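Visitor: Can we go through the cysteines and the charged pairs in this one? Short answers are fine.

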Amino acid sequence: MDEKFFDDLEARIPTREVRTRFAPSPTGYMHVGNLRTALYTWCIARHNGGKFILRIEDTDQNRLVEGAVDVIYRTLTDCGLDWDEGPDKGGPVGPYVQTERRGLYLPFAQRLVQRGHAYYCFCDKTEGEDPEGFERTADPCRDLPEEEVRRCLAAGMPYVIRQRIPAEGTTTFHDEIFGDVTAPNKDLDDQVLIKRDGLPTYNFANVIDDHLMGITHVVRGSEYLASAPKYNLLYEGFGWKVPKYVHCSPVMRDAHNKMSKRHGDPSYEDLVEKGYLRAAIVNYVALLGWAPGGEREIYSIRELAEAFDLAGISKSQAIFDIEKLTYFNAEYIRAMDPADFARAAEPYIRQRVKNPSIDPAAVAALLQQRTEVLTDIPGKLGFFDALPDYDAELYVHKKSKSDRESALQMLQAALPVLQALPVWDDEHIHGAMVSLAESLGVKNAKLLWPVRIAVTGTAVTPGGAVEICRILGREETLRRMADGIGRLS
């Protein structure tokens, strides 16, 4: 075997910085647990001034889902999880893709064979995952004489390369969250490293790539704790340093069930479609299993990176709570710059408000402090385009001491006052209504309640009578007030 091949690769491994990687398989949608793994991985790199690597692990070609890679790119980019490097293709930095590196893996597997840590298996078994119940001690290829192996290879017999797990003893590895974990070797299977198609399995390729990319911290779900002993044995077989393992407990839909798309649990893109802000989603997901300490909950993504500490990761399962996410989202919306909120809200406003004379920015100003998720917006605005056919009983309101008779009197008094206003803006409308209420000897609410009912036809609105009249404009406001007088007469 050409040692220069290995020497050249080893010489290019970065060694003087923290390096992390997010290595998703493009086999489905980007669920909340995936996003959390990417976020923690990114935070570790950024907190330590290191590099964050994106690697697409697509060696399981039978499970690839069309468009899944694009979902990964969109999600990371949208969430601000920028990656630092990739293969030089003469353009923007792209991710590493394992199938584009397929020539790397077989020589490393062959090196393990030479060292006695792997073996060629010519048995007729399924590729990738072993059949249920397969035991390595029953594999006749495990101890084939070297001469027989050479004969089978020369004859072109199909084969896989399997890891040779020690038959006795234990394997111990250290995890930053769970501490030292020990597994009896008899419980570990001789996993496939190289499949019949020449591609590596996930379990082998991720070890090779993590080493060659100088990865210092490996963040993944706690379901991989069972596989970690086999990874450790591979590192030992090569004589390589083991990275720091960070196994995170799963994100659950409740105390007993993991989140699942088939059970209706949302992906990141589903949450965005439901009206949640990217920054709020990222902030909430970061706290699913990680606590920064103290009472503070709201963090920008850069602040998350500054505060991130592995000691804050919990062993306990995290429960995804949509109500808590909604709370975060409402906090973010209220804190937004008004112009930014207006831009975010405009598409939702225009779903219901088709009248081009209605200024969406003016409507957004009414909504910002009253909105929890953006998809709430259209349902609040139906009255802007057309007055609904409402029941005159809406004018009855005990708190403002309004009944049908008094409401009629208020509208009849307000109509000419508004009609005579020289300027149609909040200041003049509000001033005129306050002066009129004073002259009538009534509280402001007794006058403004029927005005608001008349111009909206609904009891619950995103703003008060003054703001809504101003947005509707003089002509439409007066027309609707006259309609209200007709309904009450």
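Guide: We start with the ground rules, then take cysteines, then salt bridges.

Visitor: Go ahead with the rules.

Guide: This is a predicted model: local features need pLDDT of at least 70, side-chain atom pairs count only at pLDDT 80 or more, and totals for chains, interfaces and linings use all residues. Residues are numbered from 1 along each chain as its sequence is written, and side-chain values use heavy atoms, with hydrogens and water left out.

Visitor: How many disulfides?

Guide: Zero. The cut-off for a disulfide is a pair of cysteine sulfur atoms within 2.5 Å.

Visitor: Why is Cys 43 not in a bond?

Guide: Because the closest cysteine sulfur, in Cys 248, is 11 Å from the sulfur of Cys 43, too far for a bond.

Visitor: Is Cys 43 buried or exposed?

Guide: Buried, at 2% relative accessible area. Buried means under 20%, exposed over 50%, and partly exposed in between (1.4 Å probe, protein chains only).

Visitor: And what about Cys 141?

Guide: Cys 141 is in no disulfide either; the sulfur of Cys 123 is the nearest, 3.4 Å away. Cys 141 is buried, with 7% relative accessibility.

Visitor: Switching to charges. How many salt bridges?

Guide: The whole structure has 31. A salt bridge here is a side-chain nitrogen of Lys or Arg within 4 Å of a carboxyl oxygen of Asp or Glu.

Visitor: What does Glu 17 pair with?

Guide: Lys 51, with 3.3 Å between the closest N and O atoms. The two are 34 residues apart and link distant parts of the chain. Glu 17 sits in the loop between helix H1 (3-11) and strand S1 (19-22), and Lys 51 in strand S2 (residues 51-56). Helices (H or I, at least four residues) and strands (E, at least two) are DSSP runs, numbered from the N terminus.

Visitor: How accessible are Glu 17 and Lys 51?

Guide: Glu 17 is partly exposed at 27%. Lys 51 is partly exposed at 29%.

Visitor: Which residue does Arg 55 bridge to, at 2.7 Å?

Guide: Glu 57. Arg 55 is buried at 0%, and Glu 57 is buried at 3%.

Visitor: Which residues are in the network with that pair?

Guide: Salt bridges link Arg 55 and Glu 57 in a network with Arg 21, Arg 101, Asp 209 and Asp 210.

Visitor: Last one. Where do Arg 479 and Glu 476 lie?

Guide: Both are in helix H19 (residues 474-488), three residues apart, about one turn of the helix. Their salt bridge has its closest N and O atoms 2.8 Å apart. Arg 479 is partly exposed at 44%, and Glu 476 is partly exposed at 23%.
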